[in-house]
Amino acid sequence: MFILLNEVKRQIPSVTAVSSGAIASDYQRLRVESVCSRLGLVSLAYLWKQDQSVLLQEMITNGIVAITVKVAAMGLDPAKHLGKELTFLKSHLHKLKELYGINVCGEGGEYETLTLDCPLFVNARIVLDEFRIVLHSSDSIAPVGVIHPLAFHLENKEKDTLSSGNEKVNDLIHEKVGSVIEVEGDCLKRNETTSQSTTEITDLVEVKHGGLHISRTKNDNTFSISCWLQESCKTCTALHEDLEVVLKHIESQLARCSFGWEHVLYIHLYIADMNEFAVANEMYVRFITQDKCPFGVPSRSTIELPLLQAGLGRAYIEVLVANDQSKNVLHVQSISSWAPSCIGPYSQATLHKEMLHMAGQLGLDPPTMTICSGGPAAELEQALENSEAVAKCFDCSICTSAILFTIYCSKHIPLSERHKVQDKQESFLKQMRVLELDKASKCKVLDPIFLYVLVPDLPKRAFVEVKPLLFVSSNTDMANVTDHNLSSKMLPNCWGFQKAHWHDSCIQKCVVRGKIFAVILSITNDVIAKICSESLGANEDHQNSIKKGHMERVARFCIYLLDEVVMENGFSWEDAMTLRFYFTSHDMTLETLSPMFTSAFKELTEMGRRVQIGSEPMFNIIPVLGAGRSASMDDVITCELLAQKH
């Protein structure tokens, strides 16, 4: 196939894509995608994941006359069913589907066909004059037989038949694209003008940069590493320079642990300007390639953040790393009607240790790969439909298996539309859940938590990007796997904070007992007023009135409440995979906030809590325009913690 397409591309340079009929075969799709990737072609697979019963009927309705030339399945008899048209076999194939679960389009190798006529055959149809049946296997359950054609001829089509056919197909076929090209089998194997990067392997020496900072969680099995630059905006460096420094440093950190990019499950790519997305992607693919990730490239989300306003560089990277190679990656590069393709070194989803980390989903129409029309709420609905299509590949659903939904909203969404986005999210999941539970009444349903994040911009100028995190149980018995009312045990008070009833109103949590724990802690101005001994002045601007002393106490309260809820639910800080603090106060910078949280963790350790304090902070501080549990996104600080036991 590579030899053929390479020659086609050489002789017809206008060819930019290849269409294949893959419906359910990953093997077939991956082979085509691999060749296309090497030749810089786009793989089109518009039949991918389509309902095979519908496809079979569409093929028959549209005048495709195909006969079976091989049968190899239970219920298909060479003596009865070889050489028969699909129209004749349709009802029998559906019966076999009900009895034995066969693929009615033969995707499992149940049968092979020869097309004798179809709308693409404009001038003539094939007539098979003579053939013989060869029995390859006389197995009593699933005998295998094939047809060997011996003689055939072409039968010209009548002119009136031609004119009554599909006009678009006829117009397309009558376009002159050149003569028939013969490709010899002994063509030079490789003169690959590939789309792969020829950049040399990155040197793993220690990156020396004064403004370089890193954080790392302490979970030994699955942990996150974040890297960013501070004050680089004062040195007028470009995005590609900042991103190269950050990626090199993460690569060197992975190498220190004897890891590489193949151990990475997920990457958050934060950049200062979405207009430079192409530049960021060009640098990204120099480091993360399919060659470096033989078990599958990591999933990814790309977001614009107000990095420069927070005193940071133009690139900020967070990677989730596993210490084993047990991940299962879904990476569909073909454009289809199934879900948006990932043409490049990132995957739709990565499953690891029962957690499905899904790439950020935009409201893209899969066949056209363009943002759907209708505004923010319509984009959200399309993004959720795309997410559901991906989830189905792992035999789960976003409405029953989701732990956490992160919904990134562009600042370009009008204020009046933001709550419509939340309403759409709630109604869509509710309707989907009803349908899903009707299909499987015993299905265990998780109660997910939600985090809305307001950002300057998203890829393709989208209004919304959805990032779901799902629990995919390896145990078919899901009974009693979740519990949101675990018995709490009294813990010693820290920093003088006393347990209060309003603390629960700050917390969203989702617990898969003994396995996964996710919590969102929301700190609004009202909460700050309760935390601090002095309320904020009534006439002061809330966003600009939070003094350093207040924030130090807020930081301690965040750690106190997180510590309490983590311990109450049977987890520890050592189980933490990711810990993020989103901040929105314009008069606070990461440089100011980071020491406050670091100090709070040190003080917690001194109080006897089991918190590992290393040379790097175990948390990640992310500047955003807004965040919160609802589309109002009016938190001052939002804490997001994800923990997993192994």
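1. Let me start inside the fold, with Gln425. Leaving out residues up to four places away in sequence, Gln425 touches Leu380, Leu384, Phe405, Ile407, Phe450 and Tyr452. Gln425 sits in helix α12, which spans residues 415-439. Its relative accessibility is 1%, so Gln425 counts as buried. Please keep in mind as you read on that this is a predicted model.

2. Ile622 makes a good companion to that residue. Ile622 belongs to strand β24, and because its relative accessibility is 0%, Ile622 counts as buried. Setting aside neighbours within four places in sequence, its contacts are Tyr270, Leu305, Tyr316, Glu318, Arg580, Phe581, Tyr582 and Phe583. You may also like to look at Leu307: the C-alpha atoms of Ile622 and Leu307 are 8.6 Å apart in space, while the two residues are 315 residues apart in sequence.

3. Strand β24 leads us to its sheet. This is an open sheet of 5 strands with mixed pairing, in the order β21-β22-β26-β23-β24. Its edges are β21 (507-512) and β24 (620-623), each of which pairs on one side only. From one strand to the next, the twist averages 10°. Within this sheet, β22 (residues 516-523) and β26 (residues 637-644) run antiparallel and are joined by 8 bridges. If you want a pair to find on screen, Ser522 stands opposite Thr638 in β26.

4. There is also an open sheet of 4 strands, with antiparallel pairing and the order β4-β3-β6-β5. Here the edge strands are β4 (111-117) and β5, and each pairs on one side only. The twist in this sheet averages 25° from one strand to the next. Strands β5 and β6 pair in the antiparallel sense over 12 bridges, and Ile133 stands opposite Ile147 in β6.

5. The β5 and β6 strands also carry a charged pair worth a look. Side chains of opposite charge can pair when their charged atoms come close. Arg125 forms a salt bridge with Glu155, with 3.1 Å between the closest N and O atoms. This pair links distant parts of the chain, since Arg125 lies in strand β5 and Glu155 in strand β6, 30 residues apart. Arg125 has a relative accessible area of 24%, so Arg125 is partly exposed; Glu155, at 37%, is partly exposed too. Arg125 and Glu155 also belong to a network of salt bridges that links them with Asp117 and Lys157.

6. What lies in the loop between β5 (124-137) and β6 (144-156)? One residue there is Ile141. Ile141 counts as exposed because its relative accessibility is 52%. Together with Met74, Leu99 and Tyr100, Ile141 forms a nonpolar patch on the surface, and the four have about 400 Å² of accessible area together.

7. Strand β14 (residues 355-358) deserves a point of its own. Which of its faces are covered? Both are: Met355 and His357 on one side are buried, as are Leu356 and Met358 on the other. β14 pairs with β13 (residues 349-352) in the antiparallel sense over 4 bridges, and Ala349 stands opposite Met358 in β14. These two strands form a hairpin with 2 residues between them, and in the turn Lys353 has a positive phi of about 50°. β14 is also joined to strand β20 (residues 464-471) by 3 bridges, again running antiparallel. There, His357 stands opposite Leu469 in β20.

8. The loop of that hairpin takes part in a salt bridge as well. Lys515 pairs with Glu354, their closest N and O atoms being 3.1 Å apart. The pair links distant parts of the chain: Lys515 is in the loop between β21 and β22, Glu354 is in the loop between β13 and β14, and they are 161 residues apart. Which partner is buried, and which is partly exposed? Lys515 has 25% relative accessibility and so counts as partly exposed, whereas Glu354, at 15%, counts as buried.

9. For a salt bridge inside one helix, try Lys248 and Glu244, whose side chains meet at 3.7 Å, N to O. Both lie in helix α8 (residues 239-256), 4 residues apart, about one turn of the helix. Lys248 is partly exposed because its relative accessible area is 28%. The count for the model comes to 21 salt bridges.

Terms used
Residues are numbered from 1 along each chain as its sequence is written. This is a predicted model: local features need pLDDT of at least 70, side-chain atom pairs count only at pLDDT 80 or more; totals for chains, interfaces and linings use all residues. Side-chain values use heavy atoms; hydrogens and water are left out. Patches are made of residues with over 30% relative accessible area and no salt bridge: like charges are joined within 9 Å, nonpolar side chains (Val, Leu, Ile, Met, Phe, Trp, Tyr) within 5 Å. Accessible areas come from the Shrake-Rupley method with a 1.4 Å probe; for residues, only the protein chains shown count as cover. Buried means under 20% relative accessible area, exposed over 50%, partly exposed in between (1.4 Å probe, protein chains only). Two strands pair if DSSP finds at least two bridges between them. Axes are lines fitted to C-alpha atoms, for helices over the stretch in contact, and angles run from 0 to 180 degrees between N-to-C directions. Contact means heavy atoms within 4.5 Å.
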